[in-house]
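Work through the exercises below with the sequence and the coordinates open. Each task is followed by a solution in steps.

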Amino acid sequence: LVNSAASLAVLRFFIGLGGSTFVCCQFWTSRMFTKEVAGTANALVGGWGNLGGGVTQIVMGTVLFPLFKLGMTPDKAWRTVCIVPAVVGF
């Protein structure tokens, strides 16, 4: 849990580090494919990334709202639902 500004900064750093892989992926895709197909490859890579973000929003909402019905407070519910991407990611 985040209890100070320093721990929040560290957490945000690692979240940003994870998100920055998109830029690297676009660069690598441009380098790995010929210029005739690089645009298509970048579009596919970016599209899959956007799909993942959309699916995450749907899954998180699907898990969050039943927690409210179980009587969990909003503060505890959103913290609990954040376990879902951690479990899926590892």
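The exercises concern a predicted model and go from the overall fold to single residues.

**Exercise 1. Fold and extent**

Task: State how many helices and strands the protein has, and decide whether the protein is a compact globule or more spread out.

Solution.
- Step 1. Counting secondary structure gives 5 helices and 0 strands.
- Step 2. In sequence order, the pattern reads α-α-α-α-α. For 90 residues the globule rule gives 12 Å, while the radius of gyration of the protein is 18 Å, well over that value, so the protein is more spread out than a compact globule.
- Step 3. Along the principal axes, the C-alpha atoms occupy a box of roughly 55 × 30 × 20 Å.

**Exercise 2. Burial and surface**

Task: Find what share of the 90 residues is buried, and what share of the exposed area carbon and sulfur atoms supply.

Solution.
- Step 1. Buried residues are 12% of the 90 in the protein.
- Step 2. The exposed area is about 7,200 Å², and 73% of it comes from carbon and sulfur atoms.
- Step 3. Among contacts with a separation of 6 or more, 17% join residues 24 or more positions apart.

**Exercise 3. A nonpolar patch**

Task: Identify the residues that make the nonpolar surface patch of about 550 Å², and place V55 in its helix.

Solution.
- Step 1. The patch is made by L44, W48, L51, V55, V59 and V63.
- Step 2. V55 belongs to helix α3, which covers residues 38-69.
- Step 3. The relative accessible area of V55 is 41%, so V55 is partly exposed; the cut-offs for that class are 20% and 50%.

**Exercise 4. Cysteines**

Task: Count the disulfides and explain why C24 is partly exposed by its relative accessible area.

Solution.
- Step 1. A pair of cysteine sulfur atoms has to lie within 2.5 Å to count as a disulfide.
- Step 2. Under this rule the count is 0 disulfides. C24 is in no disulfide, as the nearest cysteine sulfur, that of C25, is 8.6 Å away.
- Step 3. C24 has a relative accessible area of 34%, so C24 is partly exposed.
- Step 4. C82 is also partly exposed, because its relative accessible area is 38%.

**Exercise 5. A residue in helix α3**

Task: Decide whether N42 is buried or exposed, and list the residues that N42 touches beyond four places away in sequence.

Solution.
- Step 1. N42 is located in helix α3.
- Step 2. The relative accessibility of N42 is 17%, so N42 counts as buried, the cut-off being under 20%.
- Step 3. Leaving out residues up to four places away in sequence, N42 touches Q26, T29 and S30.

Conventions: Residues are numbered from 1 along each chain as its sequence is written. This is a predicted model: local features need pLDDT of at least 70, side-chain atom pairs count only at pLDDT 80 or more; totals for chains, interfaces and linings use all residues. Side-chain values use heavy atoms; hydrogens and water are left out. Helices (H or I, at least four residues) and strands (E, at least two) are DSSP runs, numbered from the N terminus. The radius of gyration is taken over C-alpha atoms; the globule rule is 2.2 Å times the number of residues to the power 0.38. Buried means under 20% relative accessible area, exposed over 50%, partly exposed in between (1.4 Å probe, protein chains only). Contact means heavy atoms within 4.5 Å. Accessible areas come from the Shrake-Rupley method with a 1.4 Å probe; for residues, only the protein chains shown count as cover. Patches are made of residues with over 30% relative accessible area and no salt bridge: like charges are joined within 9 Å, nonpolar side chains (Val, Leu, Ile, Met, Phe, Trp, Tyr) within 5 Å. A salt bridge is a side-chain nitrogen of Lys or Arg within 4 Å of a carboxyl oxygen of Asp or Glu.
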